[in-house]
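Here is a short tour of one protein chain, meant to be read with the model open beside it. Let us settle the vocabulary as we go and then follow the chain from its overall layout to single side chains.

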Amino acid sequence: MDYNELDQALKHYEGDPLALIPALQKAQDICGYLPPEVITRIAAKLNISPANVQGVATFYAQFRLKPAGKHLVMLCQGTACHVNNSAAIEEAIISHLSAPGAPYREGDTTPDGLFTLKNVACLGCCSLSPAMMINGETYGSLTPDKAVAVLKEIASASN
Ligand code: FES
């Protein structure tokens, strides 16, 4: 990974421990996720211990410590989607992404690197609930079958 862009961006937060969240967000935007090397660089630049940076990065669901798959599936678990059974959608996606002996868990990336499922708060399209967003596209009024069909379509287009 080339850290030039990250190092340039982190200059903006130099010596400011209170800027940890924006620094983590910026680093994730640039690097896609927050590997140990990025955590160390942020810690050094902001004058915080790496353990503290790691603790904050681990605490907030918005931060990824592992690389996301090619397609980040953001499944809404906001109130409207929850009421309209987003849990069943999640169950169907997890079952679809699991392999025999290799159960998939939310937040993991599939072994082929194609998908990462992430539960998120309201996507802002509650009238379409339950909804998910993949690669900037919103898929609404989901059923378990429809959600799985979308993933299959994306996977076959990726091959
Ligand atoms: S609660 Fe899911 S889009 Fe608003």
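## Ground rules

A residue is called buried under 20% relative accessible area, exposed over 50%, and partly exposed in between, using a 1.4 Å probe and protein chains only. By that yardstick, glutamine 28 counts as buried because its relative accessibility is 10%.

This is a predicted model, in which local features need pLDDT of at least 70 and side-chain atom pairs count only at pLDDT 80 or more, while totals for chains, interfaces and linings use all residues. Residues are numbered from 1 along each chain as its sequence is written, and side-chain values use heavy atoms, with hydrogens and water left out.

## The overall layout

The protein chain has 7 helices and 4 strands; helices (H or I, at least four residues) and strands (E, at least two) are DSSP runs, numbered from the N terminus. Reading from the N terminus, the order is α-α-α-α-β-α-α-β-β-β-α. The C-alpha trace spans about 50 × 30 × 25 Å along its principal axes.

Of the 159 residues in the protein chain, 40% count as buried. Contact here means heavy atoms within 4.5 Å. If you take contacts between residues at least 6 apart in sequence, 61% of them join residues at least 24 apart.

## Surface and charge

The accessible surface of the protein chain comes to about 8700 Å², and carbon and sulfur atoms account for 53% of it. These areas come from the Shrake-Rupley method with a 1.4 Å probe, and for residues only the protein chains shown count as cover.

On the charge side, there are 11 positive and 15 negative side chains, and the centres of the two sets lie 2 Å apart. Lys and Arg count as positive and Asp and Glu as negative, with His and the chain ends not counted. Each charge is placed at NZ of Lys, CZ of Arg, CG of Asp or CD of Glu.

## Around glutamine 28

Let us return to glutamine 28, which sits in helix 2 (residues 20–31). Leaving aside neighbours within four places in sequence, glutamine 28 is in contact with Tyr33, Leu34, Gln62, Phe63 and Arg64.

## A parallel strand pair

Strand 1 (residues 71–76) and strand 2 pair in the parallel sense over 6 bridges; two strands pair if DSSP finds at least two bridges between them. One of the matches to look for is leucine 72, whose bridge partner in strand 2 is threonine 116. Strand 2 (residues 115–120) is mostly covered, with 5 of its 6 residues buried.

## Salt bridges

The structure holds 3 salt bridges, each being a side-chain nitrogen of Lys or Arg within 4 Å of a carboxyl oxygen of Asp or Glu. Aspartate 7 forms one with arginine 41, where the closest N and O atoms are 2.7 Å apart. Aspartate 7 belongs to helix 1 (residues 4–11) and arginine 41 to helix 3 (residues 36–46), so this pair ties together parts that are 34 residues apart in sequence. Aspartate 7 is partly exposed at 25% relative accessibility, and arginine 41 is partly exposed at 24%. Arginine 41 also meets glutamate 37 in a salt bridge (2.8 Å, N to O). Glutamate 37 and arginine 41 are 4 residues apart in helix 3, so about one helical turn separates them. Glutamate 37 is partly exposed too, at 36% relative accessibility.

Elsewhere, the side chains of aspartate 108 and lysine 66 meet in a salt bridge (3.6 Å, N to O). This pair links distant parts of the chain, 42 residues apart: aspartate 108 is in the loop between helix 6 (86–97) and strand 2, and lysine 66 is in the loop between helix 4 (50–59) and strand 1. Aspartate 108 is buried, with a relative accessible area of 17%, whereas lysine 66 is exposed at 53%. Salt bridges that share partners join Asp7, Glu37 and Arg41 into one network.

## Two distances to try

Aspartate 16 lies in the loop between helix 1 and helix 2 and is partly exposed at 33% relative accessibility. From C-alpha to C-alpha, aspartate 16 and histidine 82 are 38 Å apart in space and 66 residues apart in sequence.

Asparagine 159 is found in the segment after helix 7 (144–158) and is exposed, with a relative accessible area of 80%. The C-alpha atoms of asparagine 159 and glycine 113 are separated by 12 Å, with their positions 46 residues apart along the chain.
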